[in-house]
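Subject: Handing over the structure

Hello,

Here is the structure I promised to pass on to you. Have a look at it first, and then read on for what turned up in it.

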Amino acid sequence: MTKTIEITKIVAVDDTIKYEIHDHTGLYLLKNEKIEAWVKFYNAESFGFSPESLPESILALPVTLYLIPVTWFYGVELVVPSMDKTLCDNLPIIYATYSKIYGPFKEEWCGKVTAKTVVENKMPKSRFDNIVFFSGGVDAVHAGINNPGKRNVLVSVPSIEYMEKTKEENSGRDFINAKIQLIREFSAVSESDWLLITNNFVVDVFDDERIQRDLKDSFLLNSEAFFFDGWFGIKYLGNLLSAAPFAYAMGISNLILGSSFEQLEDNFYSNLDGSNPELSDSIKFAGISFGKQDGLYTRRSQKVKNIVEWCNTCGKRTKIRTCFSDSTEQCCVCTKCVRTQLNIICAGENPIHWGFGNFDEKNFSRLIRSYHYRERNLCWLWDIVASIDDSRTYPCCDKLLHWLKKVGYKGYSRRVRFVINLMRILKLHRYPYYMNSVFRKITGK
Ligand SMILES: [Zn+2]
């Protein structure tokens, strides 16, 4: 029997596209046998945009792109009522590219996508040049300052973010308001229009934990990219492309994504995760594709310097939003907050003026000097230490930076590991029985 997942209904009402999806696989890949999914556009009225007038094959794009990856593993057939021809022609390239980055995927896993009708869409007259995806982080702000002005639209899709709150609700009023405030403030800085899009894909569509487990334990994916962000990363761009109907309606053919390029000493490498440039290059539909990622070979420290310089030259100020947690004020102590604050300090600025309201020079120095800044990938630490100028007096945390430069990135990460191990041992001391067994095991007694 064919295992199918079918999109049975697509309707647009006001600023929202609604979908009905049925899981006939018998594998419980979706959270329920019947799912209602939606994509909602905020600030659509300022563009005179409503999805209501769009062809079904365009309305189908967000949910189709989000569902496609599941067909690669379980021999599942995805049935859609109508499909854009460019996307249809491009499916083998998308599959091959994801297989290259996350796989290799075995040929026999591959299911298929069946469309009742395939439509060649001709884009309406162009009203803007680019969509610049905007999350508020360093890469996105950099993409924004490189593409400012009236011919660009900043688009934020906060529902893609993987946050502590995702499990409960990521479409609550406070959440939306915080995200709208962030993009509105930056749109005033970059003088571009803005649009915010939410969807319930992560919250309501797939049984993500189960699929992630299968990919690891049954399909045995073990690539670097898979270990980095797994099933979540495989769906990342499909989720971001909730923007597709808007791009089509505005005649925007070029999508710009900030790159999260990494470099460690002389090793340059693209980010092996869901936003890898090869992945974004592979996706094309309805005359729309991703352009070259912004800052493809620009280090993070340099991006922050560029942002600071651009803002200072234009007499503007913006917030940089990077925190892993999702409260209104950034925590200033998570890895991403610490990384970004160090970047800002190295650019000769005080983080308190760049969106880190809780920054305190004394506490921050203490946190770094006690080796509590722990990076999984050393490229970020290398980048920060390498960007510190020995001959410069920094207005903020000057002593700390010169100390860090002297310690070096290898020395710092060695001591971080030492501190982690020490903490483990100290914790074990509280359990003498286990310490005894460990000791006996080591000594062979
Ligand atoms: Zn944080």
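A word on terms before anything else: helices (H or I, at least four residues) and strands (E, at least two) are DSSP runs, numbered from the N terminus. Please keep in mind that this is a predicted model, in which local features need pLDDT of at least 70, side-chain atom pairs count only at pLDDT 80 or more, and totals for chains, interfaces and linings use all residues. Residues are numbered from 1 along each chain as its sequence is written.

**The chain as a whole**

By that count the chain has 17 helices and 13 strands. Its average pLDDT (the predictor's confidence in each residue, from 0 to 100) is 92, and 93% of the residues score at least 70. One stretch to treat with care is residues 163-169, where pLDDT stays under 50 and the model has seven contacts beyond four places in sequence. Two residues are in contact here if their C-beta atoms, placed from the backbone, lie within 7 Å.

The C-alpha trace spans about 65 × 65 × 40 Å along its principal axes. The radius of gyration, taken over C-alpha atoms, is compared with a globule rule of 2.2 Å times the number of residues to the power 0.38. For 445 residues, a compact globule would come out near 22 Å, and the chain's 24 Å agrees with that. Of contacts between residues at least 6 apart in sequence, 73% join residues at least 24 apart.

The chain is divided into domain 1 (3-290) and domain 2 (326-428), with bounds that come from an automatic or database domain assignment. Their C-alpha centres lie 33 Å apart.

**The sheet**

Strands count as paired if DSSP finds at least two bridges between them. An open sheet of eleven strands runs in the order β5-β4-β1-β2-β3-β8-β7-β6-β9-β13-β12, with mixed pairing. Its edge strands are β5 (112-119) and β12 (284-285), each of which pairs on one side only.

Strand β1 (residues 3-13) is a good place to start. With β4 (residues 76-84), β1 runs parallel and shares four bridges; here lysine 3 has valine 76 as its bridge partner. With β2 (residues 16-23), β1 pairs in the antiparallel sense over eight bridges, and lysine 9 is partnered by glutamate 20. β1 and β2 form a hairpin with two residues between them, and aspartate 14 in the turn has a positive phi of about 50 degrees. At this hairpin, valine 13 stands opposite threonine 16.

β2 also pairs with β3 (residues 34-42), in the antiparallel sense over seven bridges, and there tyrosine 19 stands opposite alanine 37. Which side chains of β2 point to the buried face? They are Ile17, Tyr19, Ile21 and Asp23, while Thr16, Lys18, Glu20 and His22 point to the other face and are not buried. For burial, the rule is 20 or more other C-beta atoms within 10 Å of the residue's own for buried, 12 or fewer for exposed, and partly exposed in between, with C-beta atoms placed from the backbone. By this rule, 42% of the 445 residues count as buried.

Further along the sheet, β6 (residues 130-133) and β7 (residues 152-156) pair in the parallel sense over four bridges, with phenylalanine 133 opposite valine 155.

**Helices and loops**

Helix α15 (residues 379-387) is mostly covered, with seven of its nine residues buried; among them are Trp380 and Trp382.

Glycine 233 lies in helix α8 (residues 224-234) and counts as buried because 22 C-beta neighbours lie inside 10 Å. Leaving aside neighbours within four places in sequence, glycine 233 is in contact with Ala225, Phe228, Asp273 and Gly274.

Most residues other than glycine have a negative phi, and most peptide bonds are trans. A cis peptide bond joins glycine 103 and proline 104, with omega about 10 degrees; proline 104 lies in the loop between α3 and β5. Leucine 220, not a glycine, has a positive phi of about 55 degrees and sits in the loop between α7 (208-217) and α8. Leucine 220 counts as exposed because it has 9 C-beta neighbours inside 10 Å.

Enjoy exploring it!

Best wishes
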